[in-house]
Each structure stands twice: as C-alpha cells, then as structure tokens.
Amino acid sequence: MKNYIDVAILAAKEAGKIHKKYFNTDLTIKTKKASFDLVTVADIEAEEKVVSVIRDNFSDHNFLGEEAKYKKTDSEYTWIIDPLDGTNNFAYGLPIFSCSIALVINNQPIVGVVYDPIRDELFSAEKGKGACLNNQKLKVTDAKTLKESLLITGFYYNRGKEMFENLEKIKRFFLEHIIGLRRLGSAALDLCYVACGRASGFWEFELNPWDFAAGILIVGESGGKVTGRHGEKISMEKSFIVASNAKIHDKMLEILK
Ligand code: IPD
Ligand code: CA
Ligand code: CA
C-alpha cells in the first residue's frame, strides 16, 4: 500500500493535468449561488479524478470535496479536497490557481499538498516532518513588524457586511505602513506563499475547509502560525483564517480582532 503523501501528490498532479488541458480553452462557465462564484468542467473533472486516485488506494476513507457529496464511511480519515482553488482566475485565463488536498484525522490535517500546475510547484507537508516546495525545505520570513511585511488577503464570496469590514481592515494595515498587499485569488496558494516566505502574512474573513486544510498544515510545518481572528485554533469548518510567519501574528490579530 502506498503512503498518504505519495497518493496525495499523485492525485494533485493528475488534477494539474486536467487544469492544463482546459486552461485557456473555450470553457462553459457556470455560476453557483452568486453571479461571481464560478464553476467550470475543470473543477468537476479534477475532483472526480482526485477522489478516484485516492479511492483506488484507500477505499474506506471519507471525502469532503467542494464540488460533490460523498457517502460517509466508518473511517476516521477524511480527505478534504479543493480540486481547483482559484476558479475565477482560471476562468479569466489568469495563471494563478491550484489543487489542494489534505488528509485530516480528529479535525487536524496530517498531510497537505497544494499543486500549482502552471509553475509546476508542489507544496507538501506531513505533520511533524516539515514542509517542502518541490524538494526544498520551507521557511517563513523573518519580518518582525508590519512595516517589514508584504501581506496577502482574499475577498470571500459573501459580499455582505464582512466585505466592508475587510476594506476597513485593509486601511488599518496600510496605516501601519506595510510593504504592500496582494490579492492573488487562490487561498491555498496564499497560505503556501506565507509558508515559503513570499509573503509574511495572509488573512481572509471566511474560508471553507477545502480552501485551507492543506495550506494551514504547510504554514505550521514551515515555522508559521495559523489561528482564527481571536487567536483560536482552527477546526475543519467555515473559518476566519489568519496565517503568518508567527512573529507578526499578534500584530495582525490586533488589527483583525
Ligand atoms: C476561492 C479562492 C479565493 C478566495 C475565495 C475562495 P475557489 O476558492 O480561494 O482566493 O478568496 O474565498 O472561495 O472558489 O476558487 O475554489
Ligand atoms: Ca477554494
Ligand atoms: Ca474550488
């Protein structure tokens, strides 16, 4: 039997092949609940492929995926899958998206893989064993202040009052003279970019477990920190996510609380 991380990598790379097959082709784009929440054939096909690769190896495990519902089994293992994180970018031909796969037990991820097929960048982590980008060990930045920090945020699909609250928070961060703020459009990659030091912090008001399950393990295993907006531990439900290099975490929480 293969080990969990190898299967996760295999599945993520298969998803990447599907992304590349459809990227920049004439796609039918459908909308979900909101007019700006998009889904394409690539999302659906990639999820089917990921689940089938994992099921071939671990037939009794549970699945939580963004695009489909799965029958519950007795297993304590759950694979949490975002087959295509960054669908809006994908649909517009903007090459920033990924596939995110995590294996979770007792509400905590033990394996996490995020694959960006455009750059052929594979972020991976196993609990207690550190995190890698391809074969390179990851490390968060050394920034100790917000003034030294490049940050990332995201805007979730609910355009309600939290959206406006986030705009206020952004203002507060700029008043602290941050280096800059990015909105890249794939929360899974946003977290990996904190893990590998391309940014010092990331926050988003509301993410689903499939957006963050792999990424939060990768950040933690790179020496970073991930909590909710009040410093609480993250569980596998819709969550406010604050991720950082650990050193600026309290400063971020102070603004975001
Ligand atoms: C979205 C992306 C985006 C984030 C949204 C997510 P999707 O996932 O991660 O960066 O801001 O909140 O829903 O819909 O492209 O899988
Ligand atoms: Ca997502
Ligand atoms: Ca998705």
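Asparagine 24 counts as exposed, at 60% relative accessibility. This briefing rests on a predicted model. Asparagine 24 follows just after helix H1 and takes a positive phi of about 65°. Elsewhere in the model, Asp82, Asp85 and Asp211 coordinate the calcium ion (ligand 2).

**Positive phi in loop residues**

- Most residues other than glycine have a negative phi.
- Asparagine 24, a residue other than glycine, has a positive phi near 65°.
- The loop that holds asparagine 24 runs between helix H1 (4-22) and strand E1 (30-31).
- Aspartate 120 likewise is not a glycine, and its phi is positive at about 50°.
- Aspartate 120 is placed in the loop between strand E6 (108-116) and strand E7 (121-126).
- With a relative accessibility of 41%, aspartate 120 counts as partly exposed, whereas asparagine 24 counts as exposed at 60%.

**Helix H1 and its surroundings**

- Helix H1 comprises 19 residues.
- From its first C-alpha to its last, H1 reaches 28 Å, which is close to the 27 Å expected at 1.5 Å a residue.
- An α-helix has 3.6 residues a turn, so residues three or four places apart point the same way.
- The buried residues of H1 are Ile5, Val7, Ala8, Ala11, Ala12, Glu14, Ala15, Gly16, Ile18, His19 and Tyr22.
- Two helices, H2 (41-57) and H3 (87-91), are included in what covers these buried residues.
- The cover also includes the strands E4, E5 (98-105), E6 and E7.

**The calcium site**

- The calcium ion (ligand 2) is held by OD donors of Asp82, Asp85 and Asp211, at 2.1 to 2.2 Å.
- Along the chain, the donors of this calcium ion (ligand 2) follow the spacing D-x2-D-x125-D.
- Aspartate 85 belongs to strand E4 (residues 78-85) and aspartate 211 to helix H6 (residues 209-220), so this pair ties together parts that are 126 residues apart in sequence.
- Aspartate 85 is buried, because its relative accessible area of 6% is under the 20% cut-off.
- Aspartate 211 is buried as well, with a relative accessible area of 10%.
- Aspartate 82 serves as a bridge between the calcium ion (ligand 2) and the calcium ion (ligand 3).
- The calcium ion (ligand 2) and the calcium ion (ligand 3) lie 3.7 Å apart.

Key: Residues are numbered from 1 along each chain as its sequence is written. Chains are lettered from A and ligands numbered from 1 in the order in which they are written. This is a predicted model: local features need pLDDT of at least 70, side-chain atom pairs count only at pLDDT 80 or more; totals for chains, interfaces and linings use all residues. Side-chain values use heavy atoms; hydrogens and water are left out. Donors are N, O and S atoms within 2.8 Å of the metal (3.2 Å for Na, K and Ca); water is not among the atoms, so sites may look incomplete. Helices (H or I, at least four residues) and strands (E, at least two) are DSSP runs, numbered from the N terminus. Buried means under 20% relative accessible area, exposed over 50%, partly exposed in between (1.4 Å probe, protein chains only). The expected span of a helix is 1.5 Å times one less than its number of residues. Contact means heavy atoms within 4.5 Å.
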